[in-house]
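Here are some exercises to work through with the model open beside you. Try each task before you read its solution.

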Amino acid sequence: GKRVDVDRLRVGMFIELDLSWTEHPFAFNRFKIRSEQQIETLRGLGIGQVRYLPELSDAEPLPEEELGRGSREPDTAPAPAVRAEPESPEQIRRRLLLAQQASLQQCERRFAEAARGYRTALQMLRTQPAEAADIARSLAQSMVDEVAGEREVAIRLLSEQAGEESALHALNVSVLSVLLGRACGCGPETLRDIGLGALLHDAGKLELPERLRWSDGVSLRGVAERRLYQEHVAHGARLVAALGLPPAAEEVVRQHHEHADGSGYPEGLGGDRIGRAAQIVALVNRYDNLCNPANPVHAVTPHDALALLFARERPHFDAAVLAAFIRMMGVYPPGSLVQLNDERYALSVSVNPMRPLRPRVLIHDPRVPPEEALVVDLEDHPELGVQRALRPVQLPRAVFDYLSPRRRNCYFFERSREVPGDGVEA
């Protein structure tokens, strides 16, 4: 690339810095400038020039004859305001990192609160049904509030320690079902029914023997055990009947194992005989059981789960709901391991359903400690793309340890693009 003075930089220029990662606050040494704030930050680094790559740029450097134009003011001009001392690269990086950590911690805190509420509701289900219903309604409403209006909400992968096993499946299914309902055009009332039904869809497992209570229906021994397991649907319908829930929410509990082609249970319903809310929850339930089975040995990656649903299980689900789900999750849902087009490895940690094809990723960079790595939004880096999805066993050991792929994928809502100073992060 050509060398260009920092004073000639413009938004749209693609540049490269001859600095180590500790000497600047950006996620990469190479990036396209997308804000005046970034140019100000570059000037504050005390470097005279950067490399400029015209072939990757949308703008050319400021012409030299325009430098300083308008900088000389008449003697009568008011004195310029005193500017605060600019932040150092280390301070900017630290601020971005703290904001990134705070956003994740907020997601995990809200997940933990929802998990506590869910467990309390289950404990009260048989003995205090009215109180259990109030808690479930409150939880469902809070999820609907997360996606209300035009707000962009991302699906965030939580850290391993956030995965409260007893609540993980119900909350995963609820979070993704409410988002899928929104993607399908459902209104607030229907979204509440979806959230309620999703939270309680497996409530009937409370009545199963201990060995079957946490089963996903995959590793069952024989026909008798399978029939016993399938009774959790009838148990659930009986339990939630006492809660006074809306009919669509109860329908989710009764129908979350029905298939569009009539091959499901307990009634073998098909097509339009399955309620819309139940169609949505049935699909998300299957997706989460593929990613987070009772036995982690049988887990498939989020990317492979979507591929399996589309290629092998498509007849089981409403075509429009399945298409909306795949669009919403993107090709590389949170938890997917990928290799980028520059050969680096990365973990997808967040997907915005409104911009699903370019997730936010944690990139393996041996120069940067994993706890100091800034998450990179591929939306801001058109030069970067995903080359392929990977399974954990395909990663070199050092990369596996750095990216720490989750044994169980746990999701919650994250408000999209709310990191302070986002204009600085490249």
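The exercises below go from the whole chain to single residues.

This is a predicted model, in which local features need pLDDT of at least 70 and side-chain atom pairs count only at pLDDT 80 or more, while totals for chains, interfaces and linings use all residues. Residues are numbered from 1 along each chain as its sequence is written, and side-chain values use heavy atoms, with hydrogens and water left out.

**Exercise 1. The whole chain**

Task: Find how many helices and strands the chain has, and what share of its residues is buried.

Solution: Start with the DSSP runs, where helices (H or I) need at least four residues and strands (E) at least two, numbered from the N terminus. The chain holds 13 helices and 11 strands. Next, take burial, where buried means under 20% relative accessible area, exposed over 50% and partly exposed in between, with a 1.4 Å probe and protein chains only. Of the 426 residues, 52% count as buried. Finally, the C-alpha trace spans about 85 × 50 × 35 Å along its principal axes.

**Exercise 2. A sheet of four strands**

Task: Work out the strand order of the open sheet that 4 strands form, and name its edge strands.

Solution: First, recall that two strands pair if DSSP finds at least two bridges between them. The order is E1-E4-E2-E3, with antiparallel pairing. The edges are E1 (2-5) and E3 (30-32), each of which pairs on one side only. On average, neighbouring strands are turned by 40 degrees against each other, direction ignored. Now zoom in on one pair: E2 (residues 14-16) and E3 are joined by 3 bridges in the antiparallel sense, and Ile-15 has Phe-31 of E3 as its bridge partner.

**Exercise 3. Two helices in contact**

Task: Describe how helices H11 and H12 cross, and which residues make the contact.

Solution: Begin with the axes, which are lines fitted to C-alpha atoms over the stretch in contact, with angles from 0 to 180 degrees between N-to-C directions. Those of H11 (residues 302-311) and H12 (residues 319-329) come within 11 Å and cross at roughly 160 degrees. The two helices are therefore roughly antiparallel (under 35 degrees is roughly parallel, over 145 roughly antiparallel, 65 to 115 roughly perpendicular and the rest oblique). Then list the contact residues, with heavy atoms within 4.5 Å as the criterion: H11 supplies Leu-306, Leu-309 and Phe-310, and H12 supplies Leu-322, Phe-325, Ile-326 and Met-329.

**Exercise 4. From hairpin to third strand**

Task: Trace the pairing of strand E8 with E7 and with E9.

Solution: E7 (residues 345-352) and E8 (residues 355-363) run antiparallel and are joined by 5 bridges. They form a hairpin with 2 residues between them. Leu-347 has Leu-362 of E8 as its bridge partner. E8 also pairs with E9 (residues 376-377), in the antiparallel sense over 2 bridges, and there Val-361 stands opposite Val-376. As a last step, look at Asn-352 in E7: this residue counts as buried because its relative accessibility is 8%.

**Exercise 5. Backbone exceptions**

Task: Which peptide bond is cis, and what is the phi of Glu-343?

Solution: Most residues other than glycine have a negative phi, and most peptide bonds are trans. The bond from Tyr-265 to Pro-266 is cis, with omega near 10 degrees. Pro-266 sits in the loop between H9 (247-255) and H10 (276-291). Glu-343 has a positive phi, near 80 degrees. This glutamate is in the loop between E6 (337-340) and E7, and counts as partly exposed because its relative accessibility is 46%.
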